[in-house]
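Please open the model in your viewer and keep the sequence panel beside it. This tour suggests what to select next and describes what is there.

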Amino acid sequence: METNTSARWEKFFNRYYLGDILALANEYPEKRSLYVDFVNIEKFDPDMAEELLEHPNRVFEVAEGALRNFALPIDKTLSSAHLRVMNLPQKVSIRDLRSVHISKLIAIEGLVRMATEVRPKLLVAAFECNGCHETMYITQADGRFVEPYMCKNDECGRKGPFKIKLTDSEFVDAQKLRVQESPEDLRGGEQPQTLDINTEDDLAGIVSPGDHVVLTGVLRSYQRVTREGKSTFFDIILDSVAIETPDKEFTEIEITAEEEEAIIELSKDPKIYENVVKSIAPSIYGYAEVKEALALQLMSGVPKNLPDGARIRGDVHVLLVGDPGIAKSQLLRYIVKLAPRGIYTSGRSSSAAGLTAAAVRDEFGDGRWTLEAGALVLADQGIAAVDEMDKMRSEDRSAIHEAMEQQTISIAKAGIMATLKSRCSLLGAANPKYGRFDPYEGIAQQIKMAPALLSRFDLIFVLKDEPDVGRDSAIASHILGAHHAGELHAHRINVPGSEITQSEVADAMEVVTPEIDPDLLRKYVAYAKRKVYPILNDDARDRLIGFYLGLRKQGEDRDSPVPVTARQLEALVRLCEASARIRLCEGITIDDSERVIKIVESCLRQVAYDAETGMFDADIITTGVSKSQRDKIKVLRNIIRDLEAEHSGMAPKEDVYTRAEAEGFDKAYVEDVLGRLKTQGELYEPTPEYVRLT
Ligand code: ADP
Ligand code: MG
């Protein structure tokens, strides 16, 4: 039996989609698409379904014809309706696309990386002959503009010139997309591959960069044209038939029933917390607190939507600042591998979109503006690890504030106005300006990040590479142990008749083997984020409030700095939620509070602890100088100013030292401050013996 006939399709529509077609007819022509589930076609007639996959062009012509001529009970025809087939049985991964897929109906999934503006495209051009005024219609295809060869009026027959009549021509909205493989489908730092997509009519303009999509379409090949002429190599593009933007289910990795059992089993171990922390980058020695923080970041807190439309992020942002060569980059790479969705990028990323987003011209060679998503958009609902953050571009520097707190990125350029989602946790690494961390200068200055940006991180760690015999030898033996294990393994695998046994290798590997297998841990994290929504109990809450008020109290007395802001309180809550998630536990207990307070305290101690007063001081993060230091600098400036008045505008250095000493500052300290004021341009030396404030 012939399957692909108008009558068969009509029967199919009648059986499965009568209601949908009537609903469509009501809203036609504002709505023009009938969405059909492939499963229904298969149920109706497996041969017809097969035919559709194999010869989509032929079948669509018939099927769409049947839809457009469908007899409706109202006086309307769906003369330009589209048939959109979704839910194909299989998806082809972008990297597996081959010539066998050409001209077939296929489904792919991925992440929209770029999208052009929506612009009209000429479908049928109307031409008028300048000689006899005959009108001709020429169907345009392939993106090349085709003019009549000669006038179709036999009595005229001229070869031009012809004038295009735009009002009689037919246009369709068109948009091009570039889709790349999703991060969760990539293993071990593979570079994602991309595929270009054509969308037309009501499919144009419905997705934005950063969106997850499942696309059904017909894969088409077109000949590459080089300067030398047409090439024998072909490029591929997908003409889209349907676009779905599945939200939740799709973005999550699959967990089988056995894996779920294993996960729950793991969570019951009283040492689960230690086990998770120990499974993070076991090849890197030390950094227990950092790894603990990274474990919390992986789990993340609970995002909250409030009735007033506000959204509070659940994502935890962590920044690692420190000397070179202390495994910051290694930690970042490890986390990206463990995260269910992770993207690793450098602040100096070469793509135009950088970390946030950009509008670029002519990416597809057709002169249109294209919106391209950067790392923080592509990492939506995952972790973006940004190395060398101190080197990010100035556009990113300003856009990233919004990305971190509101978790969106707005772009308004060249007529493109868009708000992209960037609901991701940021794990940043930054090297200090002079290579090494200078404890006397603020973090903000050293890594060239605005204090307002720094205050958006929930946790900031300063990692210093200070020689210390005990620690150094431990790191050395750890690193050499890892190398030794690797050597034994390589020998056993590659040298025929190697005498090294499997158990010797396993013994050596012991130190660098994670407690929990990385694949399982990745699923553990996905499971926790999907299933566990912890709630603070009263004890835990009181403990957090107590801690927070204690810190704030240091700011009560008029002279002392305002220590911590409400942001830190939010950070505490998020971290507690993450801590409970590690145990897959719905209740946040006082133990979670204690654990988190310990981490936050140690962080504050590094970045906001004023050793001179023994108090925490958020000013150190925001301005780089503690209040006690600022007060001292103020006193010094006053001394200089007084001396300037007494000595006709120039303060003798010797007098500055003596007066400062009378105030209790030693000479070395004064010299240090004078030097710093000088580099900051607040002070200069008209002669070597004098100083003057600017
Ligand atoms: P950074 O990004 O901080 O400049 P890298 O991540 O590139 O440093 O690390 C440099 C090398 O030193 C890496 O091969 C790393 O494994 C090694 N290394 C540094 N510190 C440690 C450590 N504590 N334990 C194990 N390896 C380390
Ligand atoms: Mg590095």
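The stops below go from the ligand to the core, then to single residues, strands and backbone features.

**Before you start**

This is a predicted model, in which local features need pLDDT of at least 70 and side-chain atom pairs count only at pLDDT 80 or more, while totals for chains, interfaces and linings use all residues. Residues are numbered from 1 along each chain as its sequence is written, chains are lettered from A and ligands numbered from 1 in the order in which they are written, and side-chain values use heavy atoms, with hydrogens and water left out.

**Stop 1: ligand 1**

Select ligand 1 and show its surroundings, which consist of 14 residues, the closest being Y285, G325, K328, S329 and Q330 (a residue counts here if one of its heavy atoms lies within 4 Å of the molecule). For the polar contacts (pairs of N or O atoms within 3.5 Å; within protein, one must be able to donate a hydrogen and the other to accept it, and residues adjacent in sequence count only if both atoms are side-chain atoms), begin with S329, where an N or O atom of the side chain is 2.6 Å from an oxygen atom of the ligand. Then turn to the backbone, where a polar atom of A327 is 3.1 Å from an oxygen atom of ligand 1, and a polar atom of I326 is 3.2 Å from an oxygen atom of ligand 1.

**Stop 2: the largest nonpolar core**

Which residues touch the most other members of the largest nonpolar core? Select L320, L459 and F461, which do so within a core of 62 residues. A nonpolar core is a set of buried Ala, Val, Leu, Ile, Met, Phe, Trp, Tyr and Cys residues joined through side-chain atoms within 4.5 Å, and buried means under 20% relative accessible area, with exposed over 50% and partly exposed in between, using a 1.4 Å probe and protein chains only. Helix α9 (residues 288-299) supplies the largest share of this core, 7 residues; helices (H or I, at least four residues) and strands (E, at least two) are DSSP runs numbered from the N terminus. In soluble globular proteins, nonpolar side chains tend to be buried together.

Now centre on L320, whose contacts (heavy atoms within 4.5 Å), leaving aside neighbours within four places in sequence, include V290, L331, L427 and F461. K328 is also in contact with L320, and K328 is one of the closest residues around ligand 1. Apart from this core lies another, of 40 residues, with L376, M404, A418 and I460 among them.

**Stop 3: E388 and T345**

Go next to E388, in the loop between β17 (383-387) and α12 (394-405). With a relative accessible area of 19%, E388 is buried, and beyond four places in sequence it touches S346, G347, R348, A429 and N431.

T345 is found in strand β14 (residues 342-346) and counts as buried at 12% relative accessibility. Measure from its C-alpha to that of D387, and the separation is 6.2 Å, although the two residues are 42 apart in sequence.

**Stop 4: strands β3, β9 and β10**

Select strand β9 (residues 212-226), which pairs with strand β3 (residues 105-116) in the antiparallel sense over 7 bridges; two strands pair if DSSP finds at least two bridges between them. The bridge partner of L111 in β9 is H212. Strand β10 (residues 229-244) also runs antiparallel to β9, joined to it by 12 bridges, and β9 and β10 form a hairpin with 2 residues between them.

**Stop 5: backbone features**

Most residues other than glycine have a negative phi, and most peptide bonds are trans. Select Y28 and P29, which are joined by a cis peptide bond with omega of about 5 degrees; P29 sits in the loop between α2 (18-27) and β1. Then compare two residues that are not glycines: S103 has a positive phi of about 70 degrees, and A281 has a positive phi of about 45 degrees. Is each of them buried, or partly exposed? S103 counts as partly exposed at 36% relative accessibility, whereas A281, in the loop between α8 (272-278) and α9, counts as buried at 0%.
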